[in-house]
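Work through the exercises below with the model open. Try each task before reading its solution.

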Amino acid sequence: MSGRIVLFGATGYTGGRTAEALVGRGVQPVLAGRDAARLAALGGRLGCPTATADVTDVASVGGLVGPDDVLVTTVGPFARLGGAALAAAVSTGATYLDSTGEPPFVREVFELQGPAAERSGARLLTAFGHDYVPGVLAGALALREAGERAARVDVGYFLSGRGRWFSRGTITSLIGIAGSPGHTLRHGAVRTENAGARLRTYEVDGRPRAGVSIGGVEQFALPRLQPGLRTVDVHLGWFGAQGDGSRRSLRSPAGRVGISGVVHATSRLPAPPAPLLGALGALAGRLPRDPSAEALAGCRSHVVAEVFDDYGTLLARTRLTAPDPYALTADLLAWGAARALSHGVTGTGALDPVGAFGLGALREGAASAGLTSP
C-alpha cells in the first residue's frame, strides 16, 4: 500500500466517527482541515497524522492527494462545500468517497464528473454511507433472486426508535436541498422529478410505513446490474406516521397524517424562497451539533428492496437492518476506504458500490459495519 487515506471533516460529528472507525480497522488516516489546533488534538488522541488544508479550495485539496490515495470527505452540505474536493479527486486521479445524501450532488457526480473522472483515471464513490449503500446492496441481492424478468425496483429507507436522531449537519443538508429537483429512473433513463412527488407504503416489521420519493445512487447503480430495468424508485420514510419514534404527525379531517404525506402533498408547490431557507438555516445552526446518544443507541435502520416484473408481480424482496445511521455511515466509509487502499477498486469514473468492490466483498464489508438481514 503506497497510498494514504486523507480524511476531511474529522473535527465534525460524522467525520469524527469515521476517523475512529478507520483507526478501529487498523488504518491511520491523514486528518485534514483548516483548524490545525483541533486537528492536532484529535490526531494526538487517535494516533493519526494531520495536515492543514481547505476543503473548499481545489488546489489546497489537490496538494494533498495523488492517484494512489483515497480521499474521504464528510464535509457538507455538499452542494455548497463539496465541489472542490470532488474536483481535486478528478484532476489528480485519486479514489474518492463521501458521505453525502443530497440527490443533486449524487446526480452531479454520475452525470457531470463521471466522464471527466474516466479520462483522468479517478474513481468516484459518492454517498458511501447510510445513504445509499444499503439500498444498492439490498437491490442487488433482490435482483439476483428475481432473475431476468426484473423490470422495476423499489427501495425504501426507514428508521425506528425514539428521540433526536439527527445531527446539526444532517438538518442543514436537508434544508439546503429543499425545493431542489430530484431524480428517478423511468423507461430506462434517469429523469428529473420533484422530491416527494410520489408516496409509497412498505411493510416494515409487520407494520405499514410510508415513504416519499427521492433521488439516490440506486437509480444509477441498479440498471448497471440489470440492463433490462425500466423503473427504479427510492423512498425515504424517516418521517412517517407509523413507528417513526418521534411521533411527529398532523391531524386532519381524514385522521392522522405523517410528515411524509405532507411532503408528498406539497411536492408540486414552488420552491421555498431564499429568505425562508436562510431563516431555517440560521435556526439549524443553533441546534446541538450531535444527535442524542441515547436516541441513537435505540435507533435501527431498515432498508427494503422489492423487485417486480412488467406486470407488477413481486419477484423478490430483501430487507436489511443496521444500527444507527451515523455508526453505519462511519463504518461503511472506513471499510470502503480501507478496502480501496489495500485491494483497489474495479473501474474508473463514477462507480457504484457493487461494481467497484463486487457483490460478495460488499456484502461482507456491509456485514462488518452491522448491515445484515434480520
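Two strands pair if DSSP finds at least two bridges between them. Helices (H or I, at least four residues) and strands (E, at least two) are DSSP runs, numbered from the N terminus. The model is predicted: local features need pLDDT of at least 70, side-chain atom pairs count only at pLDDT 80 or more, and totals for chains, interfaces and linings use all residues. Residues are numbered from 1 along each chain as its sequence is written, and side-chain values use heavy atoms, with hydrogens and water left out.

**Exercise 1. Trace the strand pairing around E11.**

Step 1. Start with E12 (residues 231-236). It runs antiparallel to E11, and 3 bridges join the two. The bridge partner of Ile-214 in E12 is Val-234.

Step 2. Turn to E10 (residues 199-204). It is antiparallel to E11 (residues 207-214), with 6 bridges between them. Val-204 stands opposite Arg-207 in E11.

Step 3. Inspect the hairpin of E10 and E11. There are 2 residues between the strands, and Asp-205 takes a positive phi near 55 degrees.

**Exercise 2. Place E4 among its partners and sort its side chains.**

Step 1. E1 (residues 5-8) runs parallel to E4, joined by 4 bridges. Ile-5 has Val-70 as its bridge partner in E4.

Step 2. E5 (residues 95-98) is also joined to E4 by 4 bridges, again parallel. Here Val-70 stands opposite Thr-95.

Step 3. Sort the side chains of E4 (residues 70-73). Val-70 and Val-72 point one way, Leu-71 and Thr-73 the other way. All are buried (under 20% relative accessible area; exposed is over 50%, partly exposed in between; 1.4 Å probe, protein chains only).

**Exercise 3. Describe the surroundings of His-183.**

Step 1. Locate the residue. His-183 sits in strand E8 (residues 181-186).

Step 2. Check its cover. His-183 is buried, with a relative accessible area of 1%.

Step 3. List neighbours by contact, meaning heavy atoms within 4.5 Å. Residues up to four places away in sequence are not counted; His-183 touches, among others, Pro-103, Arg-107, Glu-193, Ile-214 and Phe-220.

Step 4. Find the backbone partner. A polar atom of the His-183 side chain lies 3.0 Å from the backbone oxygen of Gly-216.

**Exercise 4. Which parts does the pair of Phe-128 and Phe-357 tie together?**

Step 1. Set the rule. Rings of Phe, Tyr and Trp (its six-membered ring) pair if their centres lie within 6.5 Å; planes under 30 degrees apart count as stacked, over 60 as edge-to-face and the rest as tilted. The whole structure holds 7 aromatic pairs.

Step 2. Classify this one. Phe-128 and Phe-357 are edge-to-face, at 5.9 Å centre to centre and 70 degrees between the planes.

Step 3. Locate both rings. Phe-128 lies in the loop between strand E6 (123-125) and helix H7 (133-146), and Phe-357 in helix H14 (residues 353-357), so the pair ties together parts 229 residues apart in sequence.

Step 4. Check burial. Phe-128 is buried at a relative accessible area of 0%, and Phe-357 is buried at 10%.

Step 5. Extend the group. Phe-128, Trp-335 and Phe-357 form one aromatic cluster.

**Exercise 5. Find arginines placed over rings.**

Step 1. Apply the test: NZ of Lys or CZ of Arg within 6 Å of the ring centre and within 35 degrees of the ring normal.

Step 2. Arg-152 lies over the face of Phe-308, at 4.0 Å from the ring centre. Arg-200 lies over the face of Tyr-202, at 3.9 Å from the ring centre.

Technical notes. A polar contact is a pair of N or O atoms within 3.5 Å; within protein, one must be able to donate a hydrogen and the other to accept it, and residues adjacent in sequence count only if both atoms are side-chain atoms.
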